[in-house]
Amino acid sequence: MTTELAAVSCRGVSAARGGVEVLHRVDLDVVAGSWVSLVGPNGSGKTTLLHVLAGLVPSTGALHVGGIAPGRASRRDMARAVALMPQRPVVPEGVTVKELIHLGRTPHIPRFGSETPHDVEVVDRIVERLELGSFAPRLASELSGGELQRVVLARALAQQPRVLLLDEPTSALDIGHQQQVLELVDSMRAESDLTVIAAMHDLTSASQYGERLVLLAGGRVVADGAPTDVLTTERVAAVYGARVEILDRPSGRAVLPLRGASEAS
Ligand SMILES: Nc1ncnc2c1ncn2[C@@H]1O[C@H](COP(=O)(O)OP(=O)(O)OP(=O)(O)O)[C@@H](O)[C@H]1O
């Protein structure tokens, strides 16, 4: 892959949390406009990798995201290139949903400037597409977990980044809102050449939306490729210690957990 086409390029990237190295020499190139699903067991390093890409956790090795080097770029340049939807969003007290989503426009507003009609239009369109209109005046801190997850996604989309990093974007959502959110992100990817890297525990959704899966285990990339290559019953058993049946459907590979030892293999 040529680096001109790579929205994300990692070469030998390592990172530590709490003084301990938890991400070990990760190599990863992601083509602009593609969707990569990051999968792996609890503690395998998915969040750490996303935070490294967002410039929130320092790393060693060579790293470029959305054309800039995290850690060396200004926060403003970084925020115009990359948006992170965190796994555990923290929302300030007293801020309404509408205000929170508008915060996504901050990197686009000139210093000492104010929002333009275009900024307002970007936010209004996202609010409409995520059907958040009725929540707009409510306090963000008073939303349910799933409602807040959609609002935090709306803020990240309002940022209009080149690279969108999603950390378990549907973990609190019902099945209908899971589809709504993933379809919306995928349509925005197709419309605007957005690059999506999404950490996902649901291997079926990860396969349906990601044209490529990157499987992490113990802070290392242990498989990287098309869902049909990465997800096999043997690999899921080895990496997750799970018994599953793999089903191939027109919409992608589906992973069905099996109950009971007798059903295994
Ligand atoms: N702030 C921290 N201090 C110390 N260790 C940390 C910290 N954050 C993460 N870790 C450790 O780093 C490792 C990777 O964690 P990370 O959150 O990246 O995993 P993950 O794949 O996102 O997990 P999960 O699927 O459970 O969200 C884990 O062993 C975790 O305990």
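Me: Which word fits Ala 54, buried or exposed?

Reply: Residues are numbered from 1 along each chain as its sequence is written. The model is predicted: local features need pLDDT of at least 70, side-chain atom pairs count only at pLDDT 80 or more, and totals for chains, interfaces and linings use all residues. A residue is buried if 20 or more other C-beta atoms (placed from the backbone) lie within 10 Å of its own, exposed if 12 or fewer, and partly exposed in between. Because Ala 54 has 21 other C-beta atoms within 10 Å, the word is buried.

Me: Where is Ala 54 found?

Reply: Helices (H or I, at least four residues) and strands (E, at least two) are DSSP runs, numbered from the N terminus. Ala 54 belongs to neither of its flanking elements, α1 (46–53) and β4 (60–65), but to the loop between them.

Me: Which residues does Ala 54 touch, not counting those up to four places away in sequence?

Reply: Two residues are in contact if their C-beta atoms, placed from the backbone, lie within 7 Å. With residues up to four places away in sequence left out, Ala 54 touches Pro 70, Val 82, Leu 84 and Leu 165.

Me: How many of the residues of α1 are buried?

Reply: Among the buried residues of α1 are Lys 46, Leu 50 and Leu 53. The helix α1 is mostly covered, and its buried residues number eight of eight.

Me: Which element gives the most to the shell around the ligand?

Reply: A residue counts as near the ligand if its C-beta atom, placed from the backbone, lies within 6 Å of it. The residues around the ligand include Arg 17, Asn 42, Lys 46, Thr 47 and Thr 48. With three residues, the element that gives the most to this shell is α1.

Me: How many residues of the shell around the ligand are polar?

Reply: Ala, Val, Leu, Ile, Met, Phe, Trp, Tyr, Cys and Pro count as nonpolar, Asp, Glu, Lys and Arg as charged, and the others, Gly among them, as polar. Of the shell residues, one is nonpolar and two are charged, while the number of polar ones is eight.

Me: In what order do the three strands of the antiparallel open sheet stand?

Reply: Two strands pair if DSSP finds at least two bridges between them. Strand β1 (residues 6–17) is joined to β2 by eight bridges, and the two run antiparallel. The strands β2 (20–31) and β4 pair on one side only, as edge strands. The order is β2-β1-β4.

Me: Which strands stand at the edges of the open sheet of six strands?

Reply: This sheet has mixed pairing and the order β5-β6-β7-β3-β8-β9. A strand with a single partner has one side left without a neighbour in the sheet, so the edges are held by β5 (82–85) and β9 (220–225).

Me: Which residue in β8 is the bridge partner of Leu 38?

Reply: Strand β3 (residues 35–39) and strand β8 (residues 212–217) pair in the parallel sense over four bridges. In β8, the partner of Leu 38 is Val 214.

Me: At what angle do α4 and α5 pack?

Reply: Axes are lines fitted to C-alpha atoms, for helices over the stretch in contact, and angles run from 0 to 180 degrees between N-to-C directions. Residues of α4 such as Val 122 and Ile 126 are among those that meet residues of α5, including Ala 154 and Leu 157. This contact has seven nonpolar, no polar and no charged residues. The axes are 10 Å apart, and the angle is about 145°.
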